[in-house]
Amino acid sequence: MFEDNDYRMRLEEAVQQNRRQIGRDSYRLEYHMMPPVGFLNDPNGLVQYDGTYHAFFQWNPFETTHGKKAWGHYTSEDLVSWKMAPVALMPDEWYDKNGCYSGSAVEHEGMLYLFYTGNVKDEENRRSSYQCLAVSEDGMAFKKHGPVLHVPKGYTPDFRDPKVWRENGDWLMIIGAQNEAGQGEAVLARSENLVDWTFIGPIAGSGRNGLGDFGYMWECPDLFRLDGQDVLIVCPQGLEAEGDKYHNLFQAGYFIGDFDPSQYTYDHGDFTELDRGFDFYAPQTFIDDDGRRILLAWMGMSDDQEQNQPTVENDWIHALTIPRVLGIEGDTLTQNPVPEIERLRGERRHHDILLGAGEAFREEIGSCTEISMDFESPVEGQFEMVIRNDLKVTYENNRMVVERTVFSGKGTEQRAFFLEQLSGMRIFLDRSSVEMFINGGKEVCTCRFFPNEDDTGVELKTHAEVKCDMTLWNIKKDT
Ligand code: FRU
């Protein structure tokens, strides 16, 4: 048996050693989940278990890069204040020795079942992967049961990220995969008891269901029913940029369609990106005790700019988004912050803004603020907003452009998207992040940015008359 007994010890040392230095980093976020030290990526195992919310996350405590991942663990009673719990899974068995990769959680008969991918590399760096199970009786200590599903014939070892749910008395698992022809797919397996799993086959993928060539690997799939429709969220790798679309290194988006659980087929429409910003990937959803479908995602991206983020010199990188409630409007998946987040609201300011063509407005916002803007009538002409002298949002001709300073500090970069009209925005600013929910959450734009500490304003400029209601709340955590 493979053992890495000192992983926990080294992890605790790493957390202790870096605590003071990291605590002084002014880009450390106030109300988002972050790694105590090291590298965070996907949210994993999202669940409300025995009343408590659990958010696990991909965590390499030893470097600010990818590596041997553990499952870090946060819990919360209200989706707003998160407490760090002891690390839940460590890569200490032969079947997960190079990483306990992403996965999900379900509750069954009072116990919490975690499904994850055991990632194994041999001396020549060749990968094997196993879908694994770990079970807990209290949501804190997890006992590993080992592999429950091997890579089936016809697939490469890029086979990972099991998401499990209950369907008609059975358990289903959807997994991200690459077939031997090098196409990304989402595939299913089923089980009656959560331990014995049978592979079924693909339900969607590159070259399937009317999709053309659509990526060489699909990561982090999630299939769920919402408002009478079946939504498949997935992260295809290898899409070429197309106009304003697909400019991040990898994409995260959704299909809306119809899943037939008796035939295991899924008819779906087009793929739509879930978020238009620079930093959004590997989302996962769960249903809470109130029946809400809630999403969290990795607020980051491992592209060639990543290591220029200024937090790297303080030995940490990346964060998770705030929790968002999903809805469907027509053929659009909407995302809005969970209402609980309003508990963070401190001092409130309100402005009735009337800007004539060419006029500007400026207000102090500090570094942690919620801004709500309702336009009396949809914006016409060019409208521009600059946040903390760094992030510039421009709306003109049905197109929104978001621009930030590149992390190396030299020059700017943009993302853009079609927006038929601009009627409202809710903006959540944390010390080095912004999440913009546009037109009732029909579009969302998530970005990290690293403004100077003394740039604390928001500026609006317009080329045509704009009337809007602006409310600002300082965000203050009382813990
Ligand atoms: C997505 C991903 C997953 C994998 C995990 C490893 O960001 O690549 O497919 O399980 O991260 O950390």
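This is a friendly exchange about how some labels on this predicted model are earned.

Me: What should I know about the model and its numbering?
Reply: The model is predicted, so local features need pLDDT of at least 70 and side-chain atom pairs count only at pLDDT 80 or more, while totals for chains, interfaces and linings use all residues. Residues are numbered from 1 along each chain as its sequence is written.

Me: Why is Leu79 called buried or exposed?
Reply: A residue is buried if 20 or more other C-beta atoms, placed from the backbone, lie within 10 Å of its own, exposed if 12 or fewer, and partly exposed in between. Leu79 has 22 other C-beta atoms within 10 Å, so Leu79 is buried. You will find Leu79 in the loop between β3 (70-76) and β4 (83-89); strands here are DSSP runs of E, at least two residues, numbered from the N terminus.

Me: And what makes the phi of Leu79 worth a look?
Reply: Most residues other than glycine have a negative phi. For Leu79, phi is near 70 degrees, a positive value.

Me: Where is Tyr246, and how do you know its exposure class?
Reply: Tyr246 sits in the loop between β14 (229-237) and β15 (253-260). Its count is 18 other C-beta atoms within 10 Å, so Tyr246 is partly exposed. Phi of Tyr246 is positive too, near 60 degrees.

Me: What makes a set of residues a nonpolar core, and which members touch the most others here?
Reply: A nonpolar core is a set of buried Ala, Val, Leu, Ile, Met, Phe, Trp, Tyr and Cys residues joined through C-beta atoms within 7 Å. The largest one has 128 residues, and Leu89, Met173, Leu232 and Ala297 touch the most other members. At least three residues of this core come from each of domain 1 (6-337) and domain 2 (345-475).

Me: How do you know what Leu232 is in contact with?
Reply: Two residues are in contact if their C-beta atoms, placed from the backbone, lie within 7 Å. Leaving aside neighbours within four places in sequence, the contacts of Leu232 include Ala186, Pro221, Tyr254 and His268.

Me: How do you know where the domains begin and end?
Reply: The bounds come from an automatic or database domain assignment, which gives domain 1 (6-337) and domain 2 (345-475). Their C-alpha centres lie 30 Å apart. Across the boundary, 30 residues of domain 1 are in contact with 29 residues of domain 2. Strand β22 (residues 332-337) gives the most to the domain 1 side, with 5 residues.

Me: Where is Thr334, and why is it given its exposure class?
Reply: Thr334 lies in strand β22. Thr334 counts as partly exposed because it has 18 C-beta neighbours inside 10 Å. Not counting residues up to four places away in sequence, Thr334 touches Leu326, Gly327, Ile328, Glu329, Gly440, Gly441 and Lys442. Thr334 and Phe437 are 103 residues apart in sequence and 9.2 Å apart in space, C-alpha to C-alpha.

Me: What makes a residue part of the shell around the ligand, and how many residues surround the ligand?
Reply: A residue is near a molecule if its C-beta atom, placed from the backbone, lies within 6 Å of it. Here 13 residues surround the ligand, and the closest are Gln58, Tyr101, Ser102, Glu219 and Ala282. Elements that give two or more residues to this shell include β1 (38-49) and β18 (281-287).

Note on methods. Helix = DSSP H or I, 4+ residues; strand = E, 2+ residues; numbered from the N terminus.
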